[in-house]
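Subject: Handing over the model

Hello,

Here is the structure I promised to send over. Please have a look at it first, and then read my notes underneath.

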Amino acid sequence: MLRSIRTGMGSALAFGIICGIAAAQDTGTLKGTIFLSHKAGEPPKITNLYNDIKTEPKCAEQYEKPQIRSEQIVAMKMEPAKEDQRWLQNVIIYVSSDVGPASAPPAEAKVLDQKGCLYIPHVVTLQVDQTLEVLNSDPILHNINAQPEKNPAFNYGQPQKGMKNPVAFKKPEIFKVKCDVHKWMGAWIGVFPHAFHAVSNEKGEFEIKGLPPGEHEITFWHEVFGEQKQKVTIKAGENKLDHTFKMEGSG
């Protein structure tokens, strides 16, 4: 009898693994790169935040060089370099068409840290009901003031290093958070009803896994350049979709 139970459990486990592999093979992964097009030889200007941050010595001492880039527009030189195009970081990419019933939110929390008098990361995305831990890694007072339109507002004071506040959101939206103590500090939170979202990295790259095959609408959002949409047909396996934002006056 015991042997039969073990055999049955083993068969069920094997069946579950096979089904999981088959399901993964039936879905698509969307990869791409986000670019910023600009006038030849005229890339976006870099705003240096050091003069602000040096007013807080405990933050300023965390930086080796007196140049701290504002993260509103992070457009890095490409390799090889181009005179009129750069990689664009901090773009939110998400599926804005119907993808069916949502899966359960990930158990792993996302983290929004306050370190060196900046929010890290500058843009974070998560699923409805997924936990976001807001952390203070600086030995000074920060506060986290969020005024979303669809979710309850919150404003936490964190006067000590290591303090954290967990939050979660019930409704999808993209909204800004700020620190009232340090006016230059700001970050963006994107909340989505599904797991199909990403943020572009320093090379403009993004990846969204597990997409059901078929036509989808993809939205690209940037805090300065706004929101743009593209349609893509997803097939099982790897799919490619690049996108370019254009600065005023670019070709």
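Below is what I found in it, starting with the whole chain and ending with some backbone details.

Before the details, two practical points. This is a predicted model, in which local features need pLDDT of at least 70 and side-chain atom pairs count only at pLDDT 80 or more, while totals for chains, interfaces and linings use all residues. Residues are numbered from 1 along each chain as its sequence is written, and side-chain values use heavy atoms, with hydrogens and water left out.

**The chain as a whole**

The chain has three helices and 19 strands; these are DSSP runs numbered from the N terminus, with helices being H or I of at least four residues and strands E of at least two. Of its 251 residues, 41% are buried, where buried means under 20% relative accessible area, exposed means over 50%, and partly exposed is in between (1.4 Å probe, protein chains only). About 13900 Å² of the chain is exposed, and carbon and sulfur atoms supply 53% of that; the areas come from the Shrake-Rupley method with a 1.4 Å probe, and for residues only the protein chains shown count as cover. Among contacts with a separation of 6 or more, 62% are between residues 24 or more positions apart, a contact being heavy atoms within 4.5 Å.

**Two open sheets**

One sheet is open and has four strands in the order β6-β5-β8-β11, with mixed pairing; two strands pair if DSSP finds at least two bridges between them. β6 (118–120) and β11 (164–167) are the edge strands with a single partner each, so one side of each has no neighbour in the sheet. Neighbouring strands here are turned by 20 degrees against each other on average, direction ignored; axes are lines fitted to C-alpha atoms, for helices over the stretch in contact, and angles run from 0 to 180 degrees between N-to-C directions.

Within this sheet, β5 (residues 110–115) and β8 (residues 132–136) are parallel and share five bridges. V111 sits opposite E133 in β8, and Q114 has N136 as its bridge partner in β8. On the other side, β5 and β6 run antiparallel with three bridges, and D113 stands opposite I120 in β6. β5 and β6 also form a hairpin with two residues between them, and G116 in the turn has a positive phi of about 65 degrees.

The other open sheet has four strands in the order β14-β4-β16-β17, and its pairing is antiparallel. Its edges are β14 (197–199) and β17 (226–234), each with a single partner strand, so one side of each is left free of a neighbour in the sheet. The twist from one strand to the next averages 20 degrees. Three bridges link β14 to β4 (residues 92–95) in the antiparallel sense, with I92 partnered by V199 in β14.

**The cores**

The largest nonpolar core has 26 residues, of which Y119, L132, F169, V177 and I189 touch the most other members. By nonpolar core I mean a set of buried Ala, Val, Leu, Ile, Met, Phe, Trp, Tyr and Cys residues joined through side-chain atoms within 4.5 Å. Its largest share, three residues, comes from β13. It also draws at least three residues from each of domain 1 (28–99 + 199–250) and domain 2 (101–195), bounds that come from an automatic or database domain assignment. Apart from it lies another core, of 21 residues, including I93, V95, I218 and L241.

V191 lies in strand β13 and is buried, with a relative accessible area of 0%. Leaving out residues up to four places away in sequence, V191 touches L126, Q127, V128, F169, K171, P172, E173 and F175.

**Backbone details**

Most residues other than glycine have a negative phi, and most peptide bonds are trans. With that in mind, there are two cis peptide bonds to look at: E79 to P80, with omega about -5 degrees, and I120 to P121, with omega about 0 degrees. P80 lies in the loop between β2 (75–76) and β3 (85–88), and P121 in the loop between β6 and β7.

N90, which is not a glycine, has a positive phi of about 70 degrees. N90 is in the loop between β3 and β4 and is buried, with a relative accessible area of 5%. D129 also has a positive phi, near 75 degrees. D129 belongs to the loop between β7 and β8 and is partly exposed, at 38% relative accessible area.

Best wishes
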